[in-house]
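Here is a quick tour of the insides of a protein model: the empty spaces, the packed parts and one helix. Have a look at the structure first, then read on.

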Amino acid sequence: MTALSRRSFLTSVAGVGAAALLGRPAFAAPTGPGEFLCTSTFGAAWATVKDGRVVSLRPWEKDPHPSPLLDGVLDSLYSPTRIRYPMVRRAYLEKGPGAAPETRGTDDFVRVPWEKALDLVAAEIKRCQDQYGPWSIYTGTYGWGHFGRIANPQSALKRLMNLVGGSVVSSSNYSKAGIEAIMPHVVGSIDAEGPQTSHRSIIDNTDFIVFWACDPLKTNRISASIPDHGEWTWFEEMKKANKKALFIDPVKTESCKVLGGEWLPVRPQSDTALALALAHTLLTEKLHDVKFLAEYTTGFEPFADYLLGKPDGVAKSADWAAPMTEIPADTIRDLARRLVKGRTMLVSGWSPQRQHHGEQFPWAFVTLAAMVGQIGLPGGGHSQLYHLYNGGTEVADAPSLGGSLQIGKRKEIKPWPKEKGTTIIPCARVVDMLMNPGKEYDHQGKKFVYPDVRMTYWVGGNPFAHHQDRNRMIAAWRKFETFVVQDFQWTASARFADIVLPAAHWCERNDIETFGLHARKAIMGMKKMVEPMAEARDDYDIFVELATRLGVEPEFSEGKTTGDRVREVYDAAFEQAKAKKIEMPDFATFWNGSCVVEFPVKDKAAKRAKYAQFREDPLLNPLPTPSGRIEIYSKTIEKFGYDDCPPHPTWLEPLEWLGQKDKTHPMHLASNHPISRMHSQFNGTRLRESYAIAGREPCWISAQDAAARGIKTGDVVRVFNGRGQCLAGALVTEDIRPGVIQLQEGAWYDPVEPGKPGTLCRYGDPNVLTPDIPTSKLGQATAAATCMVQVERWAGETPKVKVFDTPQNA
């Protein structure tokens with residue numbers, strides 16, 4: 001499309017963002033044959049299709065606060081960043097696997113027919129399997145690129161690979177791997193999942209709510225299912241009820257402003273120290289709940305000794321924490337007293353556990369809540385999941401919606417010797433795996449060995465956005481002899497691939513999903529609205545073609561189309577509904593009608609309190625920990641003997657932070673969740689125009705730090721450290737504390753000289769700056785929040801941003 005016609009087209013959706021912000025109701029059903037239900041991880045809307053094109057969207061009327069991100073859906077469908085044809089890197093096409101990896105990222109692609117591309121991929125899978133074994137193929141990490149219960153391409157890829165002998169897969173995620181590592185040892189579960197204490201319980205019972213590194217109004221714009229956006233209603237009700245709220249965060253968040261809360265701008269990476277100091281005050285002033293600790297926890301005594309400084313001679317007092325947190329000692333002591341004055345809910349986000357020794361904060365956070373003693377009470381205790389999936393929402397009386405395409409067990413075609421390495425690696429350790437084949441590493445008390453991987457096939461994800469230390473990653477990536485990317489847009493990952501397969505957009509295929517991951521208020525079908533652009537194909541169809549070439553098509557597809565699988569998932573829910581006496585139309589009525597079936601809300605959900613049964617009777621309802629109680633001291637972790645994860649919550653200084661004396665890179669980088677996109681999705685759409693500065697990612701900087709560097713809003717700045725450098729657009733603001741800058745994660749990597757170590761990123765990818773180190777031996781999670789940088793005004797010629805242009809020959 002020409003620039004002019006593209007602008008004309010987008011005027012039809014320009015009003016969606018404004019209407020969405022106001023949350024105006026629309027119509028109750030499609031108004032004609034050209035209107036379809038459009039669902040996504042951003043919300044639900046009615047889409048109008050004319051002459052084979054989606055021309056407008058209007059939010060679904062039952063969404064209480066439609067997301068302005070819907071404005072990016074159409075642009076992602078017709079954006080110049082769409083992958084239209086199968087493409088192969090020229091050197092790879094001419095010379096085969098492993099050829100000239102230094103030319104990756106240079107956009108030197110050759111268009112090939114689908115048959116040629118699929119033949120190349122299938123041949124490479126066979127070559128690696130035969131020459132090296134199944135441990136030589138890595139099927140990538142998870143990602144947010146999929147949507148719906150049918151077309152998850154990551155499940156499809158792993159199903160295919162298991163049928164031909166298996167592959168190396170990843171475990172956990174970049175979001176909360178630290179929590180997932182530590183919480184099962186503390187409360188017997190991940191804790192940051194599933195329904196939480198209900199919003200209604202907080203409105204009715206809570207006197208004081210503390211949001212710690214948590215911005216629900218921003219992060220709940222998205223969901224792994226269709227988001228129901230109920231947090232806005234919750235915040236409106238809290239504001240009407242005049243709830244006292246405190247936000248502990250280096251940034252004054254949108255949620256803090258809307259609620260009119262207090263802002264405590266803590267120094268980044270000192271959260272554990274602050275939690276320990278609050279616990280110390282409760283202990284020394286005898287404000288802690290002795291009875292709760294005795295009945296519901298184990299191991300408090302050695303932790304109390306640690307707080308008092310008995311093992312190391314250092315009391316973890318407010319005076320000790322004040323210089324580290326840059327919060328006055330009296331403020332810390334006063335906050336501790338406020339926690340026990342009435343009913344208190346402690347709410348945490350996930351960023352503090354994405355730092356060096358990140359497992360310590362969630363452990364200290366839950367321990368602090370245990371000392372307050374209100375866990376399991378209405379409106380009290382703690383939550384680590386109010387910022388995603390609307391965890392405090394009312395729950396509908398609805399059947400669960402399963403998935404159709406199961407991964408299945410690995411077929412043992414070739415024995416997998418232990419010396420060849422583990423079959424599963426922590427997702428954040430992919431670069432370590434490439435750089436250290438055969439090396440032993442620790443994880444959750446066991447020893448594992450990195451496999452010798454030669455090929456990777458990536459679907460539904462963007463590793464060149466979510467992994468840390470981009471230059472280290474690019475150097476390690478040369479180890480891959482073949483890098484296949486299957487996606488619908490030219491992400492940085494696709495630009496560094498050897499073979500690129502164009503996948504269909506979610507508007508170009510059939511699927512089914514739940515409205516509200518926890519609420520389950522409706523099941524929504526999504527019919528294919530338009531044909532795939534150019535030569536793009538449905539992910540499922542691509543894998544069927546590969547399965548045919550690999551000789552496993554009957555086992556892979558089971559003779560089913562995507563339409564068959566949509567019906568299969570719906571019919572399974574229909575049978576559940578029948579058994580529970582829940583009214584639900586048959587599939588034909590559902591699919592040929594509005595594609596929406598709603599369910600009533602359960603009355604009990606409004607009063608839900610997490611851990612209520614455990615509190616009522618810990619003997620009959622024990623936690624799945626060794627003691628059956630909250631483990632403040634873990635004997636299991638003690639046996640691991642890790643020097644970077646002691647057996648109780650502990651302050652451990654991070655690798656780099658504002659508390660160090662070395663001021664070569666004196667600014668902390670906060671790589672926050674983006675406001676107007678989902679990770680890297682929609683960075684290549686017109687939504688970028690709403691936040692980009694000087695055509696680049698915005699770099700938030702305090703007025704104090706900006707003045708010291710001669711920087712003003714609108715300037716192009718260079719952000720750099722010993723790992724890399726990038727350009728960004730300066731945004732001078734009072735909403736960020738001095739000593740901290742903010743660059744949103746998910747910005748597309750745009751190197752001036754692709755493949756050259758240390759080259760400048762033109763657009764503003766923060767992961768050229770972040771370190772690729774694990775949180776600890778226990779979790780092996782990402783420590784992206786541990787990052788120090790310097791910022792300066794860019795004085796040279798400003799290079800043009802190119803990452804959002806279509807690659808040559810594409």
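## The second largest pocket

The lining of the second largest pocket splits into 12 nonpolar, 19 polar and six charged residues. (Nonpolar here covers Ala, Val, Leu, Ile, Met, Phe, Trp, Tyr, Cys and Pro; charged covers Asp, Glu, Lys and Arg; the others, Gly among them, are polar.) There are 37 lining residues, and Tyr 142, His 146, Asn 152, Gln 154 and Ala 224 lie nearest the centre. Helix H6 (153-163) and strand S7 (169-171) each give two or more residues to the lining, with H6 holding the largest share at three. The space in this pocket comes to about 840 Å³.

A few ground rules: this is a predicted model, where local features need pLDDT of at least 70 and side-chain atom pairs count only at pLDDT 80 or more, while totals for chains, interfaces and linings use all residues. Residues are numbered from 1 along each chain as its sequence is written, and side-chain values use heavy atoms, with hydrogens and water left out. Helices (H or I, at least four residues) and strands (E, at least two) are DSSP runs numbered from the N terminus. On a 1 Å grid over the protein atoms alone, a pocket is an open set of points with protein on both sides within 12 Å along at least five of seven lines, a cavity is a set where a 1.4 Å probe fits but cannot get out, and lining residues have an atom within 4 Å of a point. Grid points are joined across faces, edges and corners, and a volume is the space filled by probe spheres set on the points.

## Closed cavities

Four cavities of 30 Å³ or more turn up, and the largest has a volume of about 70 Å³. It is lined by 11 residues, the closest to its centre being His 65, Leu 217, Arg 221, His 229 and Trp 232. Helices H9 (216-219) and H10 (231-240) are the elements that give two or more residues to this lining. Its make-up is five nonpolar, four polar and two charged.

## Helix H14

Which residues of H14 (300-308) are buried (under 20% relative accessible area with a 1.4 Å probe, protein chains only)? They are Phe 300, Phe 303, Ala 304, Tyr 306 and Leu 307. These cover an arc of only 155° around the axis (taken from the directions from the axis to the C-beta atoms), so they sit on the same side of H14. Just after H14, Gly 309 takes a positive phi of about 85°.

How values were computed: Buried < 20%, exposed > 50% of the residue type's maximum accessible area, 1.4 Å probe, protein only.
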